[in-house]
Amino acid sequence: MKRERILMGHGSGGKLMRKLIKETFLKNLDNPFLSPLSDSAVIKMGKEKIAITTDSYVVSPPFFPGGDIGKLAVAGTANDLSVVGATPLFMTLSLVLEEGFPITDLERIIQSIKITAHEAAVDVVTGDTKVVEKGKGDGIFINTSGVGTIPEKISLSMEKIGIGDRIIVNGSIGDHGAAVMMMRSGFQFESDLISDCAPLYSLIQTLLKDNSGASSGIKFMRDPTRGGVAATLNEIAENRGLGVTIYENEIPVRDSVRSLCEILGLDPLYVANEGKVLIIVNRKKSERVLEIMRGHPLGREARIIGEIQEKPEKRVVLKTRYGTSRIVDLPEEEKLPRIC
């Protein structure tokens, strides 16, 4: 009898992870709040809407160009709240430390958490610490949960996405995954590769609070972390039963990321991001949304990279710079393990 076991791919954001979620978690725990599989659960309580999210961070190594596991944990959880339109308020912090982990490294990480929490306008209000025996951990793991509130007038949903909507990204893709992989692989060449890890709260609030009417065109937002841009767009295409077309010439990728991906045989579309947001917006409002984003430090490189079309159903198509087309499928297994 075949006995399946957990593989690294079950945490990748790809097909294996989707299968695990549907056949194990949703099968047993499904409810109206969980079933949308949003970054945060949105719960209406009276006139208020509450957003709740949780995530665990196991990145290896814990320090990388542009950040560390502490910055990643706070930014990641705050971003999961921000992309559903919530104002992040409170956060929990749970640490699993391996015996022997340097106190100086822990202090660096806690300082980083303090700084990032300030940037994300969120308070760490409770926490927990556990220590496991040497050899039974990997230095440090972090779990965070976050709570925020959503103004009554804001209602973002994948269900609102329709034919003709445009897809905007706030900057170059693949920076985080490439920076971690370079650090892990020990490449000795000089590079400007730095993780894009950052809280998106300020950028998103600037958009949602704009008085020119642009915010009314924003239908859905998602930070493309594990599985990269490819996984997020495939989720949209599959759930909406529509086609997603993206244009290679319009997708910003740094030369250093492209070069590393070529060496490692990776596609930047599948590489993780930790400071990027994909925004699906009504075509008529898209240019104004783009203009607002480019006025913010985290959106200066924003581009319209694609659009929602009727065909091909449930597929993501890349129009290449050579004029050809190729299907961008959901990855089966993990290409970049433990990058978040």
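Reader: Strand β8, residues 166-169: which side chains point which way?
Author: This is a predicted model. In it, R166 and I168 point one way from β8, and I167 and V169 point the other way.

Reader: Why would they split like that?
Author: Side chains alternate between the two faces of the sheet in a regular strand.

Reader: Are those four buried or exposed?
Author: Buried: R166, I167, I168 and V169.

Reader: Which strands does β8 pair with, then?
Author: β11, residues 278-281, pairs with β8 in the antiparallel sense over four bridges. β12, residues 303-309, also pairs with β8, antiparallel and over four bridges.

Reader: What is the bridge partner of R166 in β11?
Author: V281.

Reader: And what stands opposite V169 in β12?
Author: R303 does.

Reader: Switching to charges. How many salt bridges are there?
Author: The count comes to 22. Opposite charges on side chains can pair when the charged atoms come close.

Reader: What does E238 pair with?
Author: R18. The closest N and O atoms of E238 and R18 are 3.9 Å apart.

Reader: Where do those two sit in the chain?
Author: E238 is in helix α6, residues 228-240. R18 is in helix α1, residues 15-29. The two are 220 residues apart, so this salt bridge links distant parts of the chain.

Reader: Why call E238 partly exposed?
Author: Because its relative accessibility is 34%, and partly exposed runs from 20% to 50%.

Reader: Next, R222. What is its salt-bridge partner, and at what distance?
Author: D39, with the closest N and O atoms 2.7 Å apart.

Reader: Which parts does that pair tie together?
Author: R222 lies in strand β9, residues 218-222, and D39 in the loop between α1 and β1 (41-45). The pair therefore ties together parts that are 183 residues apart in sequence.

Reader: Buried or exposed, R222 and D39?
Author: R222 is buried, and D39 is too.

Reader: Which residues are linked in a network of salt bridges?
Author: R18, K22, D39, R222, E235 and E238. The two pairs we just covered, R18 with E238 and D39 with R222, have their residues in that network.

Reader: One more pair. What does K130 meet?
Author: The side chain of D128, in a salt bridge at 2.6 Å, N to O.

Reader: Why are K130 and D128 classed as partly exposed?
Author: K130 is partly exposed because its relative accessible area is 44%. D128 counts as partly exposed because its relative accessibility is 33%.

Methods: Residues numbered from 1 in each chain as written. Predicted model: local features only at pLDDT ≥ 70, side-chain atom pairs only at ≥ 80, totals over all residues. Heavy atoms only, no water. Buried < 20%, exposed > 50% of the residue type's maximum accessible area, 1.4 Å probe, protein only. Pairing = 2+ DSSP bridges. Salt bridge = Lys/Arg side-chain N within 4 Å of Asp/Glu carboxyl O.
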